[in-house]
Amino acid sequence: MQASAPSLPDRPPPRRRRFRLRAFTLAEILMGLGISSFVVGGGLWLLVAGLKTSTRTTNTTLNDLSQWGIASRLWIDSRIANGISIYADNSNANVERWLRKLVDQRGNFIVFSLSATDGSSRTYYTKLSGYYYDSAAETISRFDYDVPVADQSGNRTLEQILSDRRDAIMATYDVVARNVDLTHPDGLFICRTAGTAASLSCTVTAGTENAAYEKEKTIEATFYVRS
């Protein structure tokens with residue numbers, strides 16, 4: 001007979017250790033809130049600073065584009081035309097031949113005209129373009145107008161076309177600059193040589209009324225018509 005192995009006593013199951021979660025103290029909670037507030041505040045400061053920088057950069061770019069745009073448009077229009085006329089404004093009362101500005105005189109309405117002569121040496125106009133400064137709105141508007149054949153064949157004067165076709169011409173107005181201030185109270189444009197040369201002088205401000213966002217530049221340009 002084989003001897004049976006002695007039986008081992010049953011071991012009690014191992015006890016599971018219970019870990020008790022320790023609550024945060026008031027000091028730790030306050031410290032955590034302080035760190036969180038610092039991080040969030042720093043992030044908001046960086047966001048606002050970045051927005052201001054972006055806005056200033058955008059305004060500077062807009063100013064540069066406005067300066068380049070006005071000067072280049074005037075130069076292009078002057079090279080297409082063969083005549084320049086400046087008036088006090090675009091009202092019919094001031095659009096008269098005898099009211100055209102002479103050397104060193106200023107006005108807020110400039111007209112570039114393209115004209116030719118017929119067999120009888122009479123002048124007729126084929127195309128008009130120009131700029132008008134609205135002092136109340138502080139804007140510069142550009143117009144481009146093809147003179148009707150009836151006005152060409154009728155040899156109508158420049159002032160007759162500007163007066164009689166005023167509504168049609170104004171319908172082509174397009175604002176090309178805003179927030180424009182005069183550098184001289186008498187007008188935006190100055191006559192350099194009657195009929196052939198003129199200058200523009202103004203300041204343009206981009207941005208809001210907040211000084212931190214404003215950017216001002218002076219725009220000056222002189223232009224001549226082709227001979």
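**Exercise 1.** Which residue in β4 does S115 stand opposite? Place the pair in its hairpin.

Solution. The model is predicted: local features need pLDDT of at least 70, side-chain atom pairs count only at pLDDT 80 or more, and totals for chains, interfaces and linings use all residues. Residues are numbered from 1 along each chain as its sequence is written, and side-chain values use heavy atoms, with hydrogens and water left out.

Step 1. Strands are DSSP runs of E with at least two residues, helices are runs of H or I with at least four, and both are numbered from the N terminus. Two strands pair if DSSP finds at least two bridges between them.

Step 2. Strands β3 (residues 109-117) and β4 (residues 123-134) run antiparallel and are joined by nine bridges.

Step 3. Opposite S115 stands Y125.

Step 4. Five residues lie between the two strands of this hairpin, where S121 has a positive phi near 65°.

**Exercise 2.** Describe how β4 pairs with β5.

Solution. Step 1. Eight bridges link β4 to β5 (residues 139-146), again in the antiparallel sense.

Step 2. In this pairing, S129 faces D144 of β5.

Step 3. The hairpin has four residues between its strands, and E138 in the turn takes a positive phi of about 55°.

**Exercise 3.** Which residues have the most contacts inside the largest nonpolar core? Trace the elements that supply the core.

Solution. Step 1. A nonpolar core is a set of buried Ala, Val, Leu, Ile, Met, Phe, Trp, Tyr and Cys residues joined through side-chain atoms within 4.5 Å. Buried means under 20% relative accessible area, exposed over 50%, and partly exposed in between (1.4 Å probe, protein chains only).

Step 2. The largest such core holds 23 residues, and I110, I140, F189, L200 and F223 have the most contacts inside it.

Step 3. Elements that each supply at least two of its residues include α1, β3, β4 and β9. The largest share, four residues, is from β9.

Step 4. Another core, of 14 residues, lies apart from it and includes V95, F109, L128 and I161.

Step 5. Contact means heavy atoms within 4.5 Å. Beyond its neighbours within four places in sequence, I140 touches residues including I70, Y132, V176 and L188.

**Exercise 4.** Is V39 buried or exposed?

Solution. Step 1. V39 belongs to helix α1 (residues 26-80).

Step 2. V39 counts as exposed because its relative accessibility is 54%.

Step 3. For the protein as a whole, 30% of the 227 residues are buried.
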